[in-house]
Amino acid sequence: MFASIEFYAGDPILGLMDKYNADSRADKVNLGVGVYYDEAGKLPVLECVKTAEERIADPISPRPYLPMAGLPGHRKGCQELLFGKDAPVLQENRVATIATIGGSGALKVGAEFINKWFPHAKCYVSDPTWGNHIAIFEGSDVEVGKYPYYDNATSSVKFDEMLAFFKQLNKDDVVLLHPCCHNPTGMDLTQEQWDQVLTVVKERGLIAFMDIAYQGFGEDMDSDAYPIRKGVEMGLPMFVSNSYSKNLSLYGERVGGLSVVCPSEEEAARVFGQLNFTVRQIYSSPPTHGGRIVDIVMNDEQLHEQWVGEVYAMRDRIKAMRSKLKSVLEAKVPGRNFDYLTRQNGMFSFTGLTPEQVERLQSEFAIYMVSNSRMCVAGLNENNVDYVANAMAEVLAN
């Protein structure tokens, strides 16, 4: 019956984790999977989350099915985080928001919606982008292309090429954009560049799909959402997918949201209904536990303030590791410019290593990163950063 089923080789990033876990070397370092680890190399449980968990457990309550759109407090938390607490667009009820199964679930629901209501649209992703972006949209029968983004030679954004490419796209084509902490390069646009991009999006009648998975890890909560809020200010309809995996350290709870900014309250109501219908067709309703944590933390003023402080502490630790790595590499590899390490934002860095050099790091030094040279900077700490820098210097020199 299943003789014709094709073999699935597995996800390259998750497969890298399997190799890392099987490695018995004591000095191994995991810089592959996109997970934040603290200075001790452990996955943290945030203090604000601990408080929320205590409230959920006292008393332990029944777990009925949630509405298809998720908890109202979860949805409210998404909206205020993305658009601002007193944003006019929220007061005008022009944003249709649903809770989703992680950021991936938000992308999937959005892709299904686009395929149904804009079947002629093609989706364009940055070159490079997170690999699952392509898989999710193609899995929803949306044709996917790539737009110019990263220049390996200069470790910078190909902004002029990107802008010229957008000017040639057709009405209703989708451009998938990273508002902050670009995955995998870590190289973001400036606010002035965002203004130019959004102007072209508006002039060409394109659909902006903002995927923000690392809010707070770039500059701050508000600055990281600049492209989203600027797009709303310009009157753009848009899709926004967000995730709490990283900034609440709730990876396995799969907590995210999808928001669609609409021109009117009436259109937002119709979009909201169709988003619910799409959820019903795929997974019926989101899980309870993670949604309750988001509801509690985002809507309790004291816990929210505590959460922001904890996110900024994670952000600052990543920035410190970038600076330390840069300083050691500059000393070990004179004549080579490593400024890009501190110009990049968020958890990831494109190191510029070749696949062969990445393989050497893995085989000779037990340092694991993705073959395209994407490194998860959050895997570095004071105990391993010198070891990693010296190993990188070794493979760069030979």
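How many residues apart are Arg270 and Glu266 in helix H11? I began with this pair in what is a predicted model, and found that the two are four residues apart in H11 (residues 265-282), which means that about one helical turn separates them. Their side chains meet in a salt bridge, at 2.6 Å from N to O. I noted Arg270 as exposed at 52% relative accessibility, and Glu266 as partly exposed at 47%. I then wrote down that Lys324, Glu382 and Asp386 are joined into one network by salt bridges that share partners.

**Other salt bridges.** I recorded 18 salt bridges for the structure, and looked up two further pairs. Arg94 and Glu92 meet through their side chains at 2.7 Å, N to O; Arg94 is buried with a relative accessible area of 17%, whereas Glu92 is partly exposed at 38%. The salt bridge of Glu143 and Lys122 has an N to O distance of 3.4 Å. This pair links distant parts of the chain, since Glu143 sits in the loop between H6 and E4 and Lys122 in the loop between H5 and E3, 21 residues apart. I also entered Glu143 as exposed, at 52% relative accessibility.

**Helix H6 and the loop after it.** I looked for the buried residues of H6 and found His133, Ile136 and Phe137. They lie on the same side of H6, because they cover an arc of only 90 degrees around the axis. Their cover includes helix H5 (102-117), strand E3 (123-127), E4, strand E7 (174-177) and strand E8 (207-212). Ser140 is placed in the loop between helix H6 (131-139) and strand E4 (144-148), and is buried at 2% relative accessibility. Leaving aside residues up to four places away in sequence, I listed Lys108, Ala111, Glu112 and Asn115 as touching Ser140. Just after H6, I noted a positive phi of about 65 degrees at Asp141.

**Cysteines.** I counted zero disulfides. For Cys123, the closest cysteine sulfur is that of Cys262, and at 18 Å it is too far for a bond; Cys123 is also buried, at 0% relative accessibility. Cys180 is in no disulfide either, although the sulfur of Cys181, its nearest, is 4.1 Å away, and the cut-off I applied is 2.5 Å. Cys180 counts as buried at 3% relative accessibility.

**N-terminal segment.** I finished with Met1, which lies in the segment before helix H1 (12-22) and is exposed, with a relative accessible area of 90%. Together with Phe2 and Ile5, Met1 forms a nonpolar patch on the surface, for which I entered about 460 Å² of accessible area.

Technical notes
Residues numbered from 1 in each chain as written. Predicted model: local features only at pLDDT ≥ 70, side-chain atom pairs only at ≥ 80, totals over all residues. Heavy atoms only, no water. Patch = residues over 30% accessible without salt bridge, like charges linked within 9 Å, V, L, I, M, F, W, Y side chains within 5 Å. Areas by Shrake-Rupley, 256 points an atom, 1.4 Å probe, with all protein chains shown as cover. Salt bridge = Lys/Arg side-chain N within 4 Å of Asp/Glu carboxyl O. Buried < 20%, exposed > 50% of the residue type's maximum accessible area, 1.4 Å probe, protein only. Contact = heavy atoms within 4.5 Å. Arc of directions from axis to C-beta.
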